[in-house]
Amino acid sequence: MAVRSDPYGAQTSAFAGPTIQMDDPAAFAVLADENRAVAYRVVPDDHPFCFAGISGIRPGAGLYASFCTDLVILLGTRLNLFTLFGDTFNPEAKMVQVDIEPEEIGRNRQIDLPVMSDIKAFVNEVNHIIDQNKNAKTLKARFSDWISELHSEDQKSKDTAREQWDSDAVPIHPMRMAKEVNLFMNQEDDIVISDGGDTTIWLGITRTFRKAGHYLDSGLFGCLGGGLPYANTAKYLYPDKRVLLMTGDGSMGFNFMEFERSVSKQIPIVVIISNDLGWGMIRHSQEVRLGHAIDDVTELGRLDYHKYVEAMGGVGLLVEKPDEIQPALEDAFKSGRAACINVMTDPTTVSPGSIALANIGAYKL
Ligand SMILES: Cc1ncc(C[n+]2csc(CCOP(=O)(O)OP(=O)(O)O)c2C)c(N)n1
Ligand SMILES: [Mg+2]
């Protein structure tokens, strides 16, 4: 059995109350979603039944579970690009779709059991029935082999990715950078925002999501440039929470002057830039699809973003080696001022998102 909970289940009341209780009674394997745009995360990544994203690029057992499962329960989610419109699920699997909006049910794939409901009410009811029938133990036992199988796939997949997370390379591997950010931003209330192409992929496949509403990125439609305004707004609204934006250098350029607002309004956000000298995701997908990049339009060159921020009155830091990342984050947050950490990352590392973009035919040959 695989249950998928989704941030795009905007109809749920995930923000309004406690997260869905899935821990005890039901032997659900919960596949969290890759589409974190509005970050309605309802099941934390460190939940024992959460096996990471299902789009196939996040290390974990999500995709494996999607292929093997015989039952999929979609909770307030849409079958969109990230699941190839439902094709990543076992074609033989029975599909249950729970949604508060009836017109959402049955898009892109035939549904065996449609349920019109708020997903929180639905899951509470399921748990209630399991409690009433006292069959939590039986269910747990029945699915324990499946859960162990998923745990072992999860481990295997993460072991394969470890080389990139642990890379000591200079220029820095952006996945190592994402790992350092993830380690540092380890409090449940930390707000982490992502902007950029490959940068968002590296962070998205690394971040441990702990609480609904605490991770934001540009989501399915991928409109870049919102990161800095998101960060300012988040810190303005929640001054007691740590707010960090990890962004690509290109995306930083869209709204760079918003940094002046962070400084003059005394909004102490920390922005960490993966500076790969260009529009990485575009460059890489061109390389994969066309065999070469169109340099004229994908190269930005080396810009000293940290110095520009200093000139506006903020804190600027330059990082060129992986072990400098943690101290820089420490200094940036300690400063209590708006800060920019300019991290020089490897322009040649190609994210799985760039490969996917090349393969979905974004370029005509
Ligand atoms: C507003 C907007 N313009 C253009 C794009 C197309 N686009 C997707 S990824 C990307 C490259 C982003 O470069 P950068 O922010 O430096 O991140 P990197 O891929 O290098 O990590 C671009 C231009 C977009 N998604 N949104
Ligand atoms: Mg870039």
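**Exercise 1. A positive phi**

In which loop is Asn-108 found? Give its phi and its exposure class as well.

*Solution.* The model is predicted. Start with location. Asn-108 sits in the loop that joins β4 (94–99) to β5 (113–116). Next, the backbone. Phi of Asn-108 is positive, about 70°, although the residue is not a glycine. Last, the exposure. Asn-108 has 13 other C-beta atoms within 10 Å. The exposed class ends at 12 or fewer, and the buried class starts at 20 or more. Asn-108 is therefore partly exposed.

**Exercise 2. Another positive phi**

Place Leu-277 in the chain, then classify its exposure.

*Solution.* Leu-277 lies in the loop between β9 and α9. Its phi is near 70°, a positive value in a residue other than glycine. Now count neighbours. Leu-277 has 19 C-beta neighbours inside 10 Å. Buried requires 20 or more. So Leu-277 counts as partly exposed.

**Exercise 3. A cis peptide**

Which peptide bond is cis, with omega near -5°? Locate the proline.

*Solution.* The bond runs from Val-170 to Pro-171. Pro-171 belongs to the loop between α3 (136–165) and α4 (174–184).

**Exercise 4. Helix α9 against helix α13**

Describe how α9 (residues 280–290) packs on α13 (residues 352–359).

*Solution.* Two packed helices are described by the angle between their axes and the distance between the axes. Here the angle is about 55° and the axes are 8 Å apart. Roughly parallel ends under 35 degrees, and roughly perpendicular covers 65 to 115. α9 is therefore oblique to α13. The crossing is right-handed. Now the residues. From α9 come Met-281, His-284, Ser-285, Val-288 and Arg-289. They meet Gly-353, Ser-354, Ile-355, Leu-357 and Ala-358 of α13. By class, this contact has 5 nonpolar, 4 polar and 1 charged.

**Exercise 5. Helix α4 against helix α12**

Repeat the analysis for α4 and α12 (residues 325–335).

*Solution.* The axes come within 10 Å and cross at roughly 45°. That makes α4 oblique to α12. The handedness of the crossing is right-handed. Met-177, Glu-180 and Phe-184 are the α4 side of the contact. Ile-325, Gln-326 and Leu-329 are the α12 side. The contact residues split into 4 nonpolar, 1 polar and 1 charged.

**Exercise 6. The buried face of α6**

Which residues of α6 (residues 227–237) are buried, and what do they pack against?

*Solution.* List the residues. The buried ones are Gly-227, Leu-228, Tyr-230, Ala-231, Asn-232, Ala-234 and Lys-235. Then list the partners. The strands are β6 (191–195), β7 (215–216), β8 (243–248) and β9 (270–275). The helices are α7 (249–254) and α8 (258–264).

**Exercise 7. The shell of ligand 1**

How many residues surround ligand 1, and which are the closest?

*Solution.* The shell holds 18 residues. The closest are Gly-196, Gly-197, Gly-248, Gly-250 and Gly-280. Now the helices. α5 (198–204), α7 and α9 each supply at least two shell residues. Finally, sort by class: 5 nonpolar, 10 polar and 3 charged.

**Exercise 8. The whole chain**

Summarise the protein by its elements, burial and contacts.

*Solution.* Count the elements: 13 helices and 11 strands. Turn to burial. Of 365 residues, 47% count as buried. End with contacts. Take those with a separation of 6 or more: 70% join residues 24 or more positions apart.

Terms used:
Residues are numbered from 1 along each chain as its sequence is written. Chains are lettered from A and ligands numbered from 1 in the order in which they are written. This is a predicted model: local features need pLDDT of at least 70, side-chain atom pairs count only at pLDDT 80 or more; totals for chains, interfaces and linings use all residues. Axes are lines fitted to C-alpha atoms, for helices over the stretch in contact, and angles run from 0 to 180 degrees between N-to-C directions. Helices (H or I, at least four residues) and strands (E, at least two) are DSSP runs, numbered from the N terminus. Angles under 35 degrees count as roughly parallel, over 145 as roughly antiparallel, 65 to 115 as roughly perpendicular and the rest as oblique. A crossing is left-handed if the near helix is turned anticlockwise from the far one by less than a right angle, and right-handed if clockwise. Two residues are in contact if their C-beta atoms, placed from the backbone, lie within 7 Å. Ala, Val, Leu, Ile, Met, Phe, Trp, Tyr, Cys and Pro count as nonpolar, Asp, Glu, Lys and Arg as charged, and the others, Gly among them, as polar. A residue is near a molecule or strand if its C-beta atom, placed from the backbone, lies within 6 Å of it.
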